[in-house]
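Student: I should like to work through this structure with you, one question at a time. May we begin once it is displayed?

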Amino acid sequence: GFCAYSERYVTPMDACEVEHFDPRKKNTADDDYWNWYAVHRRMNQLKMHKRIENYLPILSPYDPALATRIYYKHGQFEAAAQAAQNLIDFLGWNEPSLAQERAMHIQRKLNDFSRFFKDDLPGFIEYLRQDPTNFSYITALEAELGIAIALP
């Protein structure tokens, strides 16, 4: 139920599209499940006019090492290597309007924690689990809280 690129929850009212990560594979034998992603229309539009050739080498979104090569710090995604930076740039993860929306969501969740849960981190995690929209931008949320939040 989350946009594969932005990590924002997809509500029934959102426009969601099936996106081909590598457009060069579209309508070829190499176009398969690993190249298809459900994404918010806005994320697809951010990428739509970019040529992947300008971002090579690029880290694959399903690379098992993704979490160790891209990290969230001070409101932005940062990379440990050029291929990871190319993925960030290609998908628009630090595009200003997305970064602002992500920061506002994180601030609301941090406010909820400090206002309603004080030092009750397990209670806060349970609160988050009650509504999937709370898990939007989970990479950023986990980084800001300094914990891993496993979905049930």
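Student: Is Cys3 buried or exposed?

Tutor: This is a predicted model, and the values discussed here are computed from it. A residue counts as buried when its relative accessible area is under 20%. The relative accessibility of Cys3 is 2%, so Cys3 is classed as buried.

Student: How far is the sulfur of Cys3 from the closest cysteine sulfur, and in which residue does that sulfur lie?

Tutor: A disulfide requires two cysteine sulfur atoms within 2.5 Å. The closest cysteine sulfur to that of Cys3 is too far away for a bond. Cys16, likewise, takes part in no disulfide. The separation is 6.9 Å, and the partner sulfur belongs to Cys16.

Student: How many disulfides are found in the whole structure?

Tutor: The sulfur of Cys3 lies too far from that of Cys16 for a bond. A search that covers the whole structure gives a count of zero.

Student: At what relative accessibility does Cys16 stand, and how is it classed?

Tutor: The class between the buried limit of 20% and the exposed limit of 50% is called partly exposed. Cys16 belongs to that class, because its relative accessibility is 39%.

Student: Which residues of helix α3 are buried?

Tutor: Helix α3 spans residues 82-91 and is mostly covered, with seven of its ten residues buried. Those buried residues pack against α1 (41-48), α2 (66-69), β3 (70-73) and β4 (76-79). The buried residues are Ala83, Ala84, Asn86, Leu87, Ile88, Phe90 and Leu91.

Student: Which residue just after α3 takes a positive phi, and of about what value?

Tutor: Helix α3 comprises residues 82-91. The residue concerned follows just after this helix, and its phi is about 75°; it is Gly92.

Student: Which element supplies the largest share of the largest nonpolar core?

Tutor: This core has 35 residues, among which Tyr5, Phe21, Met43, Ile70 and Trp93 touch the most other members. At least two residues come from each of β2 (36-40), α1, β3, α3, α4 (96-117), α5 (121-129) and α6 (138-145). The largest share is six residues, and the element that gives them is α3.

Student: Which residues of α3 does Phe21 touch, leaving aside residues up to four places away in sequence?

Tutor: The contacts of Phe21 include Tyr5, Tyr37, Ile52, Ile58, Leu59 and Pro61, as well as Asn35 and Lys47. Helix α3 covers residues 82-91. The contacts of Phe21 that fall in this range are Leu87, Phe90 and Leu91.

Student: What is the volume of the largest pocket?

Tutor: A pocket is an open set of grid points, and its volume is the space filled by probe spheres set on those points. For the largest pocket this volume is about 470 Å³.

Student: Which residues are closest to the centre of the largest pocket, and how does its lining divide?

Tutor: The lining holds 22 residues, and α2, β3, α3, α4 and α6 each give two or more of them. By character, the lining divides into 18 nonpolar, two polar and two charged residues. The residues closest to the centre are Glu7, Leu66, Phe77, Trp93 and Thr139.

Student: Which residues does Leu141 touch, not counting those up to four places away in sequence?

Tutor: Leu141 lies in helix α6 and counts as buried because its relative accessibility is 0%. From His40 it is 101 residues away in sequence and 19 Å away in space, C-alpha to C-alpha. The residues touched by Leu141 are Ile106, Lys109, Leu128, Asn134 and Ile149.

Student: What is the relative accessible area of Tyr127?

Tutor: Tyr127 is part of helix α5, and its contacts beyond four places in sequence are Lys109, Asp112, Phe117 and Asn134. Between Tyr127 and Pro23 there are 39 Å, C-alpha to C-alpha, and 104 residues in sequence. Tyr127 is partly exposed, since its relative accessible area is 24%.

Student: Which two residues does a cis peptide bond join?

Tutor: The omega angle of this bond is about -5°. Pro57, one of the two residues, is placed in the loop between α1 and α2. The cis bond joins Leu56 and Pro57.

Student: Is Asn27 buried or exposed?

Tutor: Asn27 sits in the loop between β1 (16-20) and β2, and its phi is positive, near 65°, although it is a residue other than glycine. With 73% relative accessibility, over the limit of 50%, Asn27 is therefore exposed.

Technical notes: Residues are numbered from 1 along each chain as its sequence is written. This is a predicted model: local features need pLDDT of at least 70, side-chain atom pairs count only at pLDDT 80 or more; totals for chains, interfaces and linings use all residues. Side-chain values use heavy atoms; hydrogens and water are left out. Buried means under 20% relative accessible area, exposed over 50%, partly exposed in between (1.4 Å probe, protein chains only). Helices (H or I, at least four residues) and strands (E, at least two) are DSSP runs, numbered from the N terminus. Contact means heavy atoms within 4.5 Å. On a 1 Å grid over the protein atoms alone, a cavity is a set of points where a 1.4 Å probe fits but cannot get out, and a pocket is an open set with protein on both sides within 12 Å along at least five of seven lines; lining residues have an atom within 4 Å of a point. Ala, Val, Leu, Ile, Met, Phe, Trp, Tyr, Cys and Pro count as nonpolar, Asp, Glu, Lys and Arg as charged, and the others, Gly among them, as polar. A nonpolar core is a set of buried Ala, Val, Leu, Ile, Met, Phe, Trp, Tyr and Cys residues joined through side-chain atoms within 4.5 Å.
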